[in-house]
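Let's take a walk through this one together. Have the structure open and turn it as you read.

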Amino acid sequence: APIYENSQSHAFDATTLIAQRNKLKQLMGIGDSMKILANLDNRFSPLKAAGKHYNLTEIQLLSAYKIISDSEEEMIEGYFVRQTNPQRGIQMIREAAKHREQRLADYLGDDVGRSLMRAFSSARPDPTTPAGILLSGY
């Protein structure tokens, strides 16, 4: 089911959003598309603030955001699989979360990775982000 943005006349759904994100990556490259996606995602601000505490560079912050964003896409896939195969879908979601934790820890260390994830998770996702679509029930 699509989500209708009040200020716009078009619908957002997880499939369309993922397709748009993939097209953006294809057209602009991963680095530039991550800058755009991060700055459109209201959860990036708290992640950035936490990263500044650890003197992380913009490249490191965007790389951490990419790890998180990629895991969200994997979780969305698991969410859809869960509708036809509940056990497999739940397993995919758990694996995506575990993989995200491990990748953040490998890249930045356990403490920094956990701190960034806490900051990122503290912000309520915008309804036009993958997590926002899932958390709003659409």
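**Serines inside, leucines on both sides**

Start with Ser69, which sits in helix α4. Keep in mind as you look that this is a predicted model. Is Ser69 buried or exposed? Its relative accessible area is 1%, and since anything under 20% counts as buried, Ser69 is buried. Setting aside residues up to four places away in sequence, Ser69 touches Arg21 and Met34.

There's another serine worth a look, Ser33, and this one belongs to helix α2. Ser33 has 0% relative accessibility, so it counts as buried too. Which residues does Ser33 contact, once neighbours within four places in sequence are left aside? They are Leu24, Lys25 and Met28.

Now stay on α2 but slide along to Leu40, also in that helix. Here the picture flips: Leu40 has a relative accessible area of 63%, and because the exposed class begins over 50%, Leu40 is exposed. Leu40 has company out there, as Leu27, Met28, Ile36 and Leu40 make a nonpolar surface patch of about 400 Å². Both α1 (14-28) and α2 supply at least two residues of that patch. Met28 is a handy link back, being one of the patch residues and also one of the contacts of Ser33.

As a rule, nonpolar side chains in soluble globular proteins tend to be buried together. For that side of things, head for the largest nonpolar core, which has 20 residues. Within this core, Phe44, Leu47, Tyr65 and Leu116 touch the most other members. The helices α2 (30-40), α3 (44-53), α4 (58-84), α5 (86-108) and α6 (110-122) each put in at least two residues, with α4 giving the most, six.

Zoom in on Phe44 and you can trace some of the packing. Apart from neighbours within four places in sequence, Phe44 is in contact with Ala38, Asn39, Leu61, Leu62, Tyr65 and Phe120. Tyr65 is a name you've just met, among the core residues that touch the most other members.

Phe120 takes us to α6, where the buried residues are Val112, Gly113, Ser115, Leu116, Met117, Ala119 and Phe120. What covers them? The cover includes α3, α4 and α5. As for its geometry, α6 has 13 residues and reaches 18 Å from first C-alpha to last, close to the 18 Å expected at 1.5 Å a residue.

Key:
Residues numbered from 1 in each chain as written. Predicted model: local features only at pLDDT ≥ 70, side-chain atom pairs only at ≥ 80, totals over all residues. Heavy atoms only, no water. Core = buried A, V, L, I, M, F, W, Y, C linked by side-chain atoms within 4.5 Å. Buried < 20%, exposed > 50% of the residue type's maximum accessible area, 1.4 Å probe, protein only. Helix = DSSP H or I, 4+ residues; strand = E, 2+ residues; numbered from the N terminus. Contact = heavy atoms within 4.5 Å. Patch = residues over 30% accessible without salt bridge, like charges linked within 9 Å, V, L, I, M, F, W, Y side chains within 5 Å. Areas by Shrake-Rupley, 256 points an atom, 1.4 Å probe, with all protein chains shown as cover. Salt bridge = Lys/Arg side-chain N within 4 Å of Asp/Glu carboxyl O. Expected span 1.5 Å × (residues − 1).
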